[in-house]
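Hi there,

Here is the structure I promised to pass on. Please have a look at it first, and my notes follow below.

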Amino acid sequence: MNGEDGVTDVSEFPTPPFEFETKDGRTVEVREYDGERDALKRMYEEFDPADRAQGIPPVRDEALERWLDTVLDGINTVAWYEGEAVGHVTLVKDENLDAHELAIFVLQSYQGEGVGSRLIYGSLALAYECGVRDVWLTVERWNHAATRLYKKVGFEVTTQESFEIEMATRLVSQK
Amino acid sequence: MKTVLGIGGSEDSLRALEQTLNRTVKTDDELVVAVVENPDSPHGAEEVVEHVNEEVAAHEADAEVVRLEGHPGSALVEYAEDGGYDEIVLGGGKKSAMGKIQMGSIAEFVLLNSHVSVKLVR
């Protein structure tokens with residue numbers, strides 16, 4: 001069982017590609033990113049600025065392009081509905097640490113539908129297969145929904161004396 | 001405008017120095033550059049003072065350089081409040097591998113404690 005102890009057992013998670021049905025009955029597919037940059041860019045152009053986290057995704061076009069250059073070099077998992085990207089998890093290697101930084105974005109109209117959980121499950125299973133073991137992230141204090149999700153998959157709080165909360169987990173597979 | 005720029009030598013504080021010096025030369029603002037000890041900075045205070053003096057000279061700016069001892073955030077706030085400054089200027093943080101903005105500990109302290117307006121340079 002996963003939960004808040006800083007260890008994530010990925011053997012409980014489905015590996016992409018897989019499909020699931022959202023609470024309101026839409027069939028969403030979770031797949032590893034495979035060059036669909038234009039679709040991701042469209043998703044981010046539609047993104048509600050209120051859901052940005054610590055400056056990402058950037059709003060200005062050239063900054064968004066540069067940001068996509070950075071994150072698409074990492075390990076990326078995308079949720080699809082009828083050919084459009086509706087959610088994205090990215091893991092980017094931190095050059096100074098042997099760890100990957102995780103971020104998740106779900107389009108507003110797909111939030112609260114289980115898309116975020118499935119995306120996290122799929123992306124951590126995929127990351128484990130790619131050899132990733134240590135994952136960290138930061139989350140803004142007021143983002144309780146995200147913090148709950150991260151705890152559910154095993155992340156524990158490592159630093160909370162600053163404006164954002166830092167969390168980390170170690171991926172294992174007990175298969 | 002009476003401005004105090006806090007600098008500890010981190011990348012973002014060096015950018016803030018550059019931008020503030022450019023602005024000062026144009027506006028004739030009164031500027032004090034206060035060098036503090038930032039434990040997260042790759043450069044020591046001596047080195048930072050030297051760099052600031054060079055930059056001030058290079059910009060032909062009229063700025064005073066001071067060194068503040070002790071806890072960097074509280075030293076800056078005290079200096080600004082006691083001196084009747086209008087504004088504290090600081091570097092606006094660094095970016096993680098992912099590109100997320102992460103604020104430095106000095107900026108966080110100053111934002112929460114200062115009665116003087118605070119400007120973060122991005």
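**A lysine in helix H1**

The side chains of Lys41(A) and Glu65(A) are joined by a polar contact of 2.8 Å (a pair of N or O atoms within 3.5 Å; within protein, one must be able to donate a hydrogen and the other to accept it, and residues adjacent in sequence count only if both atoms are side-chain atoms). Before you read on: this is a predicted model, where local features need pLDDT of at least 70 and side-chain atom pairs count only at pLDDT 80 or more, while totals for chains, interfaces and linings use all residues. Residues are numbered from 1 along each chain as its sequence is written, chains are lettered from A and ligands numbered from 1 in the order in which they are written, and side-chain values use heavy atoms, with hydrogens and water left out.

Lys41(A) sits in helix H1 (residues 37-46) of chain A; helices (H or I, at least four residues) and strands (E, at least two) are DSSP runs, numbered from the N terminus. With a relative accessible area of 16%, Lys41(A) is buried (under 20%; exposed is over 50%, partly exposed in between; 1.4 Å probe, protein chains only). Not counting residues up to four places away in sequence, Lys41(A) touches Asp61(A), Leu64(A), Glu65(A) and Leu68(A), contact being heavy atoms within 4.5 Å.

**The cores**

The largest nonpolar core (buried Ala, Val, Leu, Ile, Met, Phe, Trp, Tyr and Cys residues joined through side-chain atoms within 4.5 Å) has 56 residues, and Tyr44(A), Leu102(A), Leu124(A) and Tyr150(A) have the most contacts inside it. Helix H3 (residues 115-129) of chain A gives the most to this core, with eight residues. A second, separate core of 18 residues includes Val4(B), Val32(B), Ala80(B) and Tyr85(B).

Leaving aside neighbours within four places in sequence, the contacts of Leu102(A) include Ile120(A), Leu124(A), Tyr150(A) and, from the other chain, Met98(B).

**Where the chains meet**

In the interface, 11 residues of chain B are in contact with 20 residues of chain A. The buried area is about 1200 Å², with 61% from carbon and sulfur atoms (accessible area, 1.4 Å probe, that two parts lose on being put together, summed over both). Ala97(B), Met98(B) and Lys100(B) supply 56% of the area that chain B buries against chain A, more than any other three residues. Seven residue pairs are in polar contact across this interface, both at pLDDT 80 or more.

Happy browsing!
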